[in-house]
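User: I'm new to reading protein models, and I'd like to go through one with you. Could you help me with the charged pairs and then the rest?

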Amino acid sequence: KIGLMDAAKVIVIPSRHQGENYSLLVDEAKARGKPIIVTNVGVLPHRIRHGYEGFVVPNKDIKQLAKAIRQLILNTIEIRVHKQNIKTWREIALKLMKLYQDQES
């Protein structure tokens, strides 16, 4: 999955489900420095800074979705997603173990 994300120019999450909650794909895309397009359902629009990290488009508006994809692919709008500090699973596990050890002290 990471290889596909690295090869992609933009990540699109066209969810139509109002119950959409915390999509890990948003964090993964940000970690890879990829612009993101989401629909305005669930919490997705609250996870993307419109015009900065990507675009939030109206649910079921195919024309707006296509326009946003086109703008990002053709670089007609500059979007800068600052890569987040990417940690390995080993680093995450060690940090979690340290947190638990600190709680026992």
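User: How many salt bridges does a search of the whole structure find?

Analyst: This is a predicted model, and a search of the whole structure finds five salt bridges in it. One of them joins D6 to R32, where the closest N and O atoms are 2.8 Å apart.

User: Which parts does the pair of D6 and R32 tie together?

Analyst: D6 lies in helix 1, whereas R32 sits in the loop between helix 2 and strand 2, so the salt bridge ties together parts that are 26 residues apart in sequence. D6 is partly exposed, with a relative accessible area of 37%, and R32 also counts as partly exposed, at 23%.

User: And what about R49 and E53, how do their side chains meet?

Analyst: The side chains of R49 and E53 meet in a salt bridge with an N to O distance of 3.5 Å. R49 counts as partly exposed, at 49% relative accessibility, while E53 is buried, with a relative accessible area of 7%.

User: OK, and K98 with D102, where are they in the chain?

Analyst: K98 and D102 are both in helix 5, which covers residues 89-104, and being four residues apart they are separated by about one helical turn. In general, an α-helix has 3.6 residues a turn, so residues three or four places apart point the same way. The closest N and O atoms of the salt bridge between K98 and D102 are 3.1 Å apart. Both partners are partly exposed, K98 at 48% relative accessibility and D102 at 42%.

User: Which residues are joined into one network by salt bridges that share partners?

Analyst: K30, R49 and E53 are joined into one network in that way.

User: Switching topic, what pattern does the chain follow along the sequence?

Analyst: Read along the sequence, the protein chain follows the pattern α-β-α-β-α-β-α-α, with five helices and three strands.

User: How do the strands run where they are joined?

Analyst: Strand 1 and strand 2 run parallel and are joined by three bridges, one of which pairs I13 with V38 in strand 2. Strand 2 and strand 3, the latter made of residues 54-57, also run parallel, and four bridges join them; here I37 has F55 in strand 3 as its bridge partner.

User: Are the faces of strand 2 covered or open?

Analyst: Both faces of strand 2 are covered, since I36 and V38 on one side and I37 and T39 on the other are all buried.

User: So which residues make up the largest nonpolar core?

Analyst: The largest nonpolar core has 11 residues, among them M5, I13, V26, V38 and V56. Strand 1, helix 2 and strand 2 each supply at least two residues of this core. There is also a second, separate core of seven residues, which includes F55, V57, L65 and A68.

User: What does V56 touch?

Analyst: Leaving aside residues up to four places away in sequence, V56 touches V38, T39, N40, P45, I48 and H50.

User: And helix 2, which of its residues are buried, and what covers them?

Analyst: In helix 2, V26, A29, K30 and A31 are buried, and what covers the buried residues of this helix includes helix 1, strand 1, strand 2 and helix 3. Helix 2 is followed by G33, whose phi is positive, near 75°.

User: Last one, how much of the whole chain counts as buried?

Analyst: Of the 105 residues of the protein chain, 30% count as buried. The chain exposes about 7500 Å², and carbon and sulfur atoms supply 56% of that area.

Notes: Residues numbered from 1 in each chain as written. Predicted model: local features only at pLDDT ≥ 70, side-chain atom pairs only at ≥ 80, totals over all residues. Heavy atoms only, no water. Core = buried A, V, L, I, M, F, W, Y, C linked by side-chain atoms within 4.5 Å. Buried < 20%, exposed > 50% of the residue type's maximum accessible area, 1.4 Å probe, protein only. Contact = heavy atoms within 4.5 Å. Areas by Shrake-Rupley, 256 points an atom, 1.4 Å probe, with all protein chains shown as cover. Pairing = 2+ DSSP bridges. Salt bridge = Lys/Arg side-chain N within 4 Å of Asp/Glu carboxyl O.
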